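Let's take a walk through this model and see how its inside is put together. Have the viewer open and follow along.

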Amino acid sequence: MDFNVKKLASDAGVFFSRAMQFTEEKLGQAEKTELDAHFENLLARADSTKNWTEKILRQTEVLLQPNPSARVEEFLYEKLDRKVPSRVTNGELLAQYMTEAANDFGPGTPYGKTLIKVGETQRRLGAAERDFIHSASINFLTPLRNFLEGDWRTISKERRILQNRRLDLDACKARLKKAKAAEAKAALWSDEVEKAEHELRLTQTEFDRQAEVTRLLLEGISSTHVNHLRCLHEFVESQTNYYAQCYQYMLDLQKQLGSSKGEIFSGTFVGNAESTSPPPAAASPPAVAAATLPAVPTIPVVPTIVGVPNTVAESVLNPNEVKPPTSGTRKARVLYDYEAADSTELALLADEMITVYSLPGMDPDWLIGERGNQKGKVPVTYLELLS
């Protein structure tokens with residue numbers, strides 16, 4: 001019990017001495033041991049690393065999980081060392097709603113079929129998002145957290161110890177200075193000078209040892225940067241794969257919807273051949289009703305070869321051997337990039353201008369496109385026809 005009381009009294013005395021030294025330094029009444037410039041640069045670099053790591057970590061968490069309530073829930077589960085429950089992504093929830101709506105409207109209707117296709121793509125997008133979040137959390141967020149909760153806490157602890165050692169050192173220097181000043185007045189203070197010098201040597205040794213430990217930890221920040229750089233590359237790779245998957249899923253969906261979209265607008269191209277023949281003497285009621293509708297721009301059609309059925313013409317169609325009509329070809333702007341599946345198709349680049357026209361017997365979802373000396377079939381859904 002006596003030992004504990006003595007230790008408590010000693011600790012209180014040390015704390016009071018440090019507090020006095022710190023206060024006098026702030027008031028400019030005491031000298032302060034300055035660290036060398038290299039050491040100060042290491043401290044500033046460590047502080048900068050800690051601050052930016054915190055900001056990058058928080059913003060990446062926001063990127064991966066925009067919902068603040070969900071982030072708080074995940075944080076609590078992590079602190080409790082419990083597994084975070086699986087959460088449905090927004091894409092998967094949208095897919096569920098679309099599928100249920102399709103079943104309600106009728107999965108056999110055009111709208112229902114499209115809802116099912118889009119819903120399936122949204123489900124795949126949601127699954128890709130889940131994989132990306134999981135990969136980013138393990139390969140990027142976890143190393144950043146480990147630095148802040150591990151290495152940085154150790155550095156902060158050693159820096160606090162170094163600060164205390166410096167205060168002790170400066171307090172011993174102040175006591176020695178006072179003892180020497182008193183010694184000049186009375187020889188009785190010689191013992192106090194020796195005691196102060198002894199304490200100064202001890203505190204100087206402890207300060208130097210602690211400064212070296214702290215320096216080594218601060219120099220380890222360079223290794224931290226290398227580790228974070230590797231993690232950053234892995235994060236970028238995961239993000240690239242995620243967006244590439246999303247892009248491919250949307251391309252596949254666009255191709256699936258191309259045929260159904262072509263059916264909706266197929267009337268625009270089906271009547272092209274009829275427009276080249278004289279109108280009938282008497283029009284049926286449906287034809288009269290159609291004539292009252294606003295005129296829709298059409299694509300010129302190459303005349304059918306006499307005596308050759310359209311089906312035969314389509315089977316032997318070679319775009320490179322087809323001659324464009326003498327008049328009435330139209331310009332079209334390409335909406336999306338398109339890769340030709342074979343030699344009969346024409347590859348497209350977004351925003352370029354090409355010339356298009358139709359041929360008898362062609363699939364209404366396709367046109368013949370020309371760009372300079374290149375010619376081939378192009379999908380209608382990738383084009384914006386210009387009047």
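**Starting from F140**

Keep in mind that this is a predicted model. Pick out F140 to begin with: once you skip its neighbours within four places in sequence, F140 is in contact with I56, T60, S135, C231, L232 and F235.

Now zoom out to the largest nonpolar core, which has 34 residues. F140 shows up again here, since F132, F140 and L218 are the members that touch the most others. Which elements give two or more residues to this core? They are α2 (37–64), α5 (110–183), α6 (190–219) and α7 (221–265). Of these, α5 hands over the largest share, with 16 residues. Apart from this one there's another core, made of twelve residues, including A332, L346, I354 and V380.

Next, hop over to S238, which sits in helix α7. Is S238 buried or exposed? Its relative accessible area is 13%, and the cut-off for buried is under 20%, so S238 counts as buried. Leaving out neighbours within four places in sequence, S238 is in contact with F132, S135 and N139. You've met two of those names already: F132 is among the residues touching the most other core members, and S135 is also a contact of F140.

Last stop: N51, over in helix α2. With a relative accessible area of 37%, N51 falls between the buried and exposed limits of 20% and 50%, so N51 is partly exposed. Try drawing a line from N51 to L148: they're 97 residues apart in sequence, yet their C-alpha atoms are 9.7 Å apart in space.

Notes
Residues are numbered from 1 along each chain as its sequence is written. This is a predicted model: local features need pLDDT of at least 70, side-chain atom pairs count only at pLDDT 80 or more; totals for chains, interfaces and linings use all residues. Side-chain values use heavy atoms; hydrogens and water are left out. A nonpolar core is a set of buried Ala, Val, Leu, Ile, Met, Phe, Trp, Tyr and Cys residues joined through side-chain atoms within 4.5 Å. Buried means under 20% relative accessible area, exposed over 50%, partly exposed in between (1.4 Å probe, protein chains only). Helices (H or I, at least four residues) and strands (E, at least two) are DSSP runs, numbered from the N terminus. Contact means heavy atoms within 4.5 Å.
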